[in-house]
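Here are my notes on the model you sent me. Please read them with the structure open and find each residue as it comes up.

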Amino acid sequence: MLVKLAILFSGNGSNLENLLQKLHKKKIGENEFEVVLCLCNKPGAKGIERARKFNLESVIIDHTKFLSREDFDKALVEKIGQSGAQLSILAGFMRILSPVFTSNVRAINLHPSLLPLFKGANAIEESFKSDMKVAGVSVHWVNEELDSGKIIAQKAFEKTKNMSFTEFESKIHALEYEILPQSVVEIFS
Ligand code: GRF
């Protein structure tokens, strides 16, 4: 089956690039994956350049141009609908989504903590500073509540005693690059 994907991002886009490298136009098992839409809410985001390496021009929908969250979400829903994507992947997409989005789009989100712990935008820092001896990353279905939908996959690691924040962050990102493409492949297998 041909699986069409939309990837939504806001900034750096390293997960976007990793997904493009591992899945775009690749046959894995019975499925061939194609990224039909790269969607970004910030003009000038680094991910826009990363997508160009794959000949993909990102669609920019700037949230600051909309009067309400719902109007912005409606524009996202329309674009995703037109693209024909069967699954939308939030890979560093830093917007809170309203029911206009969540009830119309089948989407998964990547989050840099072991959910349900450390929801929100400062997860990496909070889990680094916490007393917990393990940390990790999660992929979950998107629902109307922030970082709260059903968990699809998690990967964890042990925090070593002298681990610096930079080492910790690199470990989080390394796990993200494994878990997100794996989750997408599993959803369709
Ligand atoms: C990732 O850590 C992701 O989990 C979080 O935002 C970061 C995005 O990084 N939601 P990048 O833009 O993919 O490099």
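The points below start at the ligand and then move to single residues elsewhere in the chain.

1. Status of the model. This is a predicted model. Keep that in mind for every distance and angle quoted here.

2. The ligand shell. Which residues surround the ligand? They are N12, G13, S14, N15, G92, L110, P112, H173 and E176. Sorted by type, the shell has six polar residues, two nonpolar ones and one charged one. The charged residue is E176, because Asp, Glu, Lys and Arg are the types counted as charged. Two helices, α1 (14-23) and α6 (165-187), each supply at least two residues of this shell.

3. Polar atoms at the ligand. Three residues can be checked by distance. A polar side-chain atom of E176 is 2.4 Å from an oxygen atom of the ligand. For N12, a polar side-chain atom is again involved, and the distance to a ligand oxygen is 2.9 Å. With G13 the protein atom belongs to the backbone, and this polar atom lies 2.8 Å from an oxygen of the ligand. A polar contact is a pair of N or O atoms within 3.5 Å, so the distance for G13 falls inside that limit.

4. Cover of the ligand. On its own, the ligand has 370 Å² of accessible area, and the protein covers 87% of it. The space that the ligand takes up is the largest pocket.

5. Helix α1. Is this helix mostly covered or mostly open? It is mostly covered, with eight of its 10 residues buried. The buried residues are S14, N15, L16, E17, N18, L19, L20 and L23. Two of these names, S14 and N15, also appear in the shell around the ligand. After the helix comes K25, which has a positive phi near 60 degrees.

6. Residue S14. This serine lies in helix α1. S14 counts as buried because its relative accessibility is 16%, and the cut-off for buried is under 20%. The side chain of S14 makes a polar contact of 2.7 Å with the side chain of Y177. S14 therefore has two entries in these notes: a place in the ligand shell, and a side-chain contact with Y177.

7. Residue L180. Helix α6 holds L180, a residue with a relative accessible area of 0%, which means that it is buried. L180 and L90 are 90 residues apart in sequence, and their C-alpha atoms are 9.9 Å apart in space.

8. Residue S83. Helix α3 (residues 69-83) contains S83. With 18% relative accessibility, S83 counts as buried. How far is the side chain of S83 from the backbone nitrogen of A85? The distance is 3.1 Å.

9. Two positive phi angles. N55 is not a glycine, yet its phi is positive, at about 60 degrees. N55 sits in the loop between α2 (46-52) and β4 (59-60). D147 is not a glycine either, and its phi is positive at about 55 degrees. The loop that holds D147 runs between β7 (134-141) and β8 (151-158). Are these two residues buried or exposed? N55 counts as exposed, at 72% relative accessibility, whereas D147 counts as buried, at 8%.

10. A cis peptide bond. The bond that joins L115 and P116 is cis, with omega about 10 degrees. P116 lies in the loop between β6 (107-111) and α5 (123-129).

11. Residue I96. The loop between β5 (87-90) and α4 (99-102) contains I96. Its relative accessible area is 45%, so I96 is partly exposed. I96 and G13 are 83 residues apart in sequence and 18 Å apart in space, C-alpha to C-alpha.

12. Residue L39. Strand β3 (residues 31-40) includes L39. L39 is buried, with a relative accessible area of 0%. From L39 to F188 the C-alpha distance is 22 Å, and the two residues are 149 apart in sequence.

Definitions and conventions. Residues are numbered from 1 along each chain as its sequence is written. This is a predicted model: local features need pLDDT of at least 70, side-chain atom pairs count only at pLDDT 80 or more; totals for chains, interfaces and linings use all residues. Side-chain values use heavy atoms; hydrogens and water are left out. A residue is near a molecule or strand if one of its heavy atoms lies within 4 Å of it. A polar contact is a pair of N or O atoms within 3.5 Å; within protein, one must be able to donate a hydrogen and the other to accept it, and residues adjacent in sequence count only if both atoms are side-chain atoms. Accessible areas come from the Shrake-Rupley method with a 1.4 Å probe; for residues, only the protein chains shown count as cover. On a 1 Å grid over the protein atoms alone, a cavity is a set of points where a 1.4 Å probe fits but cannot get out, and a pocket is an open set with protein on both sides within 12 Å along at least five of seven lines; lining residues have an atom within 4 Å of a point. A molecule sits in a cavity or pocket if more than half of its atoms lie within 2 Å of its grid points. Helices (H or I, at least four residues) and strands (E, at least two) are DSSP runs, numbered from the N terminus. Buried means under 20% relative accessible area, exposed over 50%, partly exposed in between (1.4 Å probe, protein chains only).
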